[in-house]
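Me: I'd love to walk through this one with you. Could you take my questions in turn and show me how you get to each answer?

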Amino acid sequence: MFRLSALHLYAGLTLAAGLLLPPTPALAQAKVVQTPYQNPKALVDIFLDDPAKLGAALYWVRSLVNPLTEAPYSMFPEDIKIIVLLHGTEIVTLAKKNQERYQEVLQRMRYYADMGVKFKVCGLALQDYGYSAADMQDFVEVAPSAITELMHWQNQGYALIPAVVLDKKFSIEQIR
C-alpha cells in the first residue's frame, strides 16, 4: 500500500501550485489606498524623558494633521479633533519662563493650537515641577491628572496615540 506523508503531500502541492501559477512580475509595486477617514478623534499621549525630544514627538501631530487637511481628504481643521496630553519632562517647554529656550517647539505647538489642536498638561505633573496654570502658555489647558484624562477621552471615542520617541541611532540614508 502506498502512503504519502503530510510533508510529501505538502511539497507536491506546493511544487504543482508553483508550476500552475503565472510568474510574479519583477516590477510589481505597492498599491496606494485612500482610506475613507471620517470624524477623526485622536488623543496624542506625550510622556518624554527629555524635553529635547518634544520636537520629534510633535511629528505625531503633523502625521495626523497634514494628511487629513491636504488632498484628497481636504478636511477643515475644525472637523479634526486632536488633543495632545503632555505629562513628562516636556512640560517645561510650556512654561513662560522657558519661552526663549524652547521657541521652536512652542511655535509649532501654537501653530497647531491655532488650527484647533488642544494642548493639555497634567495638573499633578505641574505640581511636581513647581508650576501653576499661571506659569503656562495661554494655549494650554491644565487637566487634573494625565491618567484620568487618558481614560476620559478614550471613553469619549478618542483613539489613543502614544507619541513614541526613541533615540535615533542611524540616519535614513544609512539604513535605507
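Me: Which strands do the buried residues of helix 5 pack against?

Reply: Happy to help, and do keep in mind that this is a predicted model. Helix 5 spans residues 146-155, and its buried residues are Ala 146, Glu 149, Leu 150 and Trp 153. These buried residues pack against strand 1 (41-46), strand 2 (81-86), strand 3 (118-122), strand 4 (140-143) and strand 5 (159-162).

Me: How do the buried residues sit around the axis of helix 5: what arc do they cover?

Reply: An α-helix has 3.6 residues a turn, so residues three or four places apart point the same way. The buried residues here are Ala 146, Glu 149, Leu 150 and Trp 153. They lie on the same side of helix 5 because the arc they cover around the axis is only 100°.

Me: And which exposed residues are on the face turned away from the buried side of helix 5?

Reply: Exposed means over 50% relative accessible area. On the face of helix 5 turned away from its buried side, the residues that qualify are Ile 147 and Asn 155.

Me: Which side chain reaches the backbone nitrogen of Ile 147 at the start of helix 5?

Reply: A side-chain oxygen comes to within 3.3 Å of that backbone nitrogen. The residue it belongs to is Ser 145.

Me: What is the volume of the largest cavity?

Reply: Searching the whole structure turns up one cavity of 30 Å³ or more. Its lining includes Val 65, Ile 80 and Met 115, and the lining residues divide into six nonpolar, two polar and no charged. The volume of this cavity is about 50 Å³.

How values were computed:
Residues are numbered from 1 along each chain as its sequence is written. This is a predicted model: local features need pLDDT of at least 70, side-chain atom pairs count only at pLDDT 80 or more; totals for chains, interfaces and linings use all residues. Side-chain values use heavy atoms; hydrogens and water are left out. On a 1 Å grid over the protein atoms alone, a cavity is a set of points where a 1.4 Å probe fits but cannot get out, and a pocket is an open set with protein on both sides within 12 Å along at least five of seven lines; lining residues have an atom within 4 Å of a point. Grid points are joined across faces, edges and corners, and a volume is the space filled by probe spheres set on the points. Ala, Val, Leu, Ile, Met, Phe, Trp, Tyr, Cys and Pro count as nonpolar, Asp, Glu, Lys and Arg as charged, and the others, Gly among them, as polar. Buried means under 20% relative accessible area, exposed over 50%, partly exposed in between (1.4 Å probe, protein chains only). Helices (H or I, at least four residues) and strands (E, at least two) are DSSP runs, numbered from the N terminus. The arc is that of the directions from the helix axis to the C-beta atoms. Contact means heavy atoms within 4.5 Å. A polar contact is a pair of N or O atoms within 3.5 Å; within protein, one must be able to donate a hydrogen and the other to accept it, and residues adjacent in sequence count only if both atoms are side-chain atoms.
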